[in-house]
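Please read the following report alongside the sequence and the model. It moves from single residues to the whole chain and its annotated domains.

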Amino acid sequence: MNVIILGAGKVGKTLIKHMSNEDHDIIVIDQDAQKIEDVVNLYDVIGVVGNGGSYDILMEAGATTANLIICVTASDELNILAGLMAKQMGTRHTIARVRNPDYSKQRDFMRNQLGFSMIINPELEAANEIRRSLSFPSAVKVDTFARGKVELAEFYVEEDSYLRDIPLSQLHSITKTNILVCAVSHNEEVIIPDGNYIIKPGDHLFITGSHRDLSRFCLDIGIVTNRIKNVLIVGGGKIAYYLAKQLGVQGIKVKIIEKDIEHCRVLAKKLPFVTVINADGSDEEVLLEEGLETTDAFLALTGLDEENLILSLYAKNIYHKKTIAKVTRMSFTGLADSLKVDSIVAPKKIIAGQIIRYVRAKMNKDDDSSVKTLYKIVDGEVEASEFIATPKITFLGMTLNDLNLKNHVLVAAISRENETIVPKGDTTIELGDHLVIISRGETMKSLNDIIRR
């Protein structure tokens, strides 16, 4: 596939890193010559220095014959303009990053009337991820499949955990719930485990099941999951705005601490149901005065990664709160263990995964069996993908025991009508099933790709 990536910033580099290994011909456009030189030296891509909103630059990049243009510069307006121009010049599919909340209501118009294939908003998607984590406070992170019927939750194993030294084959002695441990990470080691794996402190367990079963699992292993009723947010940026709107609908009380007085006025006007405080959220006295000791969850969403991590560490270690920190630098996403922060959210990594899912779906000629949902987990080492079993699948009606699955590939869950199935060897694959596939080191474009040929 011929792909143009406009913007060689953090999102652009993340896309280049993943897509350059998937048989794409990639051309990168950026006005910064040094950024272009860096990506050309690191990856097998072609670089073009210039303004992506220029007809001549788009011509030079091959927009007339490109399959896809992904516009991820820091400017919403440039992304929209370049996408429109490339579409008119002949590019088949267009994706644009649009972050401004004022444009959020126009996403459908941009897709339906302007012809954009996909409009992505990293801050909105980060807010969605945080909301899912808050709905399951005992989990580090929660991803959903099959329209919410199946969840993939990440749990951290503490020193005093009931799970310590238990082989996965004996997990039924602790819990009778319908769950499956589908991936494990410990330090830098990543495992797709079998029943012989013994759980140890420091493990991150990635577990699939329904929300009900995962909640019961937490009770069985001694984790008390109290519903989040109030949230304290430091940083009143776009993520805080989107998140506060979502939490308000759920009846969760939200308090936002923001230093910029003008921004406070904007938030107070747009979010009348939210308490907005004009103060420095990094000040301990301010945090205590605004109720850090009594809040259920503390979110650090400022524009400074270091400040977010330090504030979350403080709230976790001193007051034992559910803590979530936003980071923009990819190198910080793996620090949750060492810093004991509950969750780290990286907006750029989230949307990179969404774009990669879209690209894989478009690469697959058998589009109805292509990937429907895709998450990068375990610091991007493992993929969790959702597929639908269509008539074109070659193994309909066969049991998992009969399938010759590729190495490091696991069927983690099946959603069949209103039932969530944790698969066993005699489980069959039926028409219309939604399958959650865990894979490491394998690129899954279609459900048929899980079988060794």
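## Two residues with positive phi

E417 sits in the loop that joins β20 (409-416) to β21 (419-421), where helices (H or I, at least four residues) and strands (E, at least two) are DSSP runs, numbered from the N terminus. This is a predicted model, in which local features need pLDDT of at least 70 and side-chain atom pairs count only at pLDDT 80 or more, while totals for chains, interfaces and linings use all residues. Residues are numbered from 1 along each chain as its sequence is written, and side-chain values use heavy atoms, with hydrogens and water left out.

Although E417 is not a glycine, its phi is positive, at about 55°. Most residues other than glycine have a negative phi. The relative accessible area of E417 is 68%, so this residue is exposed; the classes are buried for under 20% relative accessible area, exposed for over 50%, and partly exposed in between (1.4 Å probe, protein chains only).

A146 also has a positive phi, of about 50°, without being a glycine. A146 belongs to the loop between β7 (141-145) and β8 (150-156), and its relative accessible area of 6% makes A146 buried.

## Residues in helices and strands

Four further residues lie within regular secondary structure, and the table sets out the element and accessibility of each.

| Residue | Element | Relative accessible area |
|---|---|---|
| A240 | helix α8 (residues 238-249) | 1%, buried |
| N278 | strand β14 (residues 275-278) | 40%, partly exposed |
| K322 | strand β16 (residues 322-326) | 6%, buried |
| R440 | strand β22 (residues 434-440) | 30%, partly exposed |

What does K322 touch, not counting residues up to four places away in sequence? Contact here means heavy atoms within 4.5 Å, and on that basis the partners of K322 include S133, L134, F136, P137, A139 and V140, along with D296, A297, F298, D342 and S343. The C-alpha atoms of K322 and D280, which are 42 residues apart along the chain, are separated by 21 Å.

For A240, again leaving out residues up to four places away in sequence, the residues touched are I233, G235, I256 and L301. A240 and I36 are 204 residues apart along the chain, and their C-alpha atoms are separated by 33 Å.

N278 touches E258, K259, D260, I261 and C264, with residues up to four places away in sequence not counted. Between N278 and G148, 130 residues apart along the chain, the C-alpha separation is 37 Å.

R440 is in contact with V190, I192, E381, V382 and H408, once its neighbours within four places in sequence are left aside. One of these partners, E381, is 59 residues from R440 in sequence and 6.4 Å from R440 in space, C-alpha to C-alpha.

## The chain as a whole

The chain contains 13 helices and 22 strands. Its radius of gyration, taken over C-alpha atoms, is 23 Å, close to the 22 Å that the globule rule gives for 453 residues, so the chain is as compact as a globular protein of that length; the rule is 2.2 Å times the number of residues to the power 0.38. Along its principal axes, the C-alpha trace spans about 65 × 60 × 40 Å.

Of the 453 residues in the chain, 55% are buried. Among the contacts with a separation of 6 or more, 61% are between residues 24 or more positions apart. The chain exposes about 20100 Å², of which carbon and sulfur atoms supply 47%, the areas coming from the Shrake-Rupley method with a 1.4 Å probe.

There are 53 positive and 61 negative side chains, and the centres of the two sets lie 5 Å apart. In this count Lys and Arg are positive and Asp and Glu negative, with His and the chain ends not counted, and each charge is placed at NZ of Lys, CZ of Arg, CG of Asp or CD of Glu.

## Annotated domains

An unreviewed UniProt entry carries the annotation "domain: RCK N-terminal" for residues 1-118 and 228-345, although such annotations may be inferred rather than shown by experiment. Residues 1-118 are 40% helix and 21% strand, and the end C-alpha atoms of that span lie 17 Å apart.

The unreviewed entry also gives "domain: RCK C-terminal" for residues 140-223 and 372-453. Residues 140-223 are 12% helix and 33% strand, with the end C-alpha atoms 13 Å apart, whereas residues 372-453 are 0% helix and 37% strand, with the end C-alpha atoms 23 Å apart.
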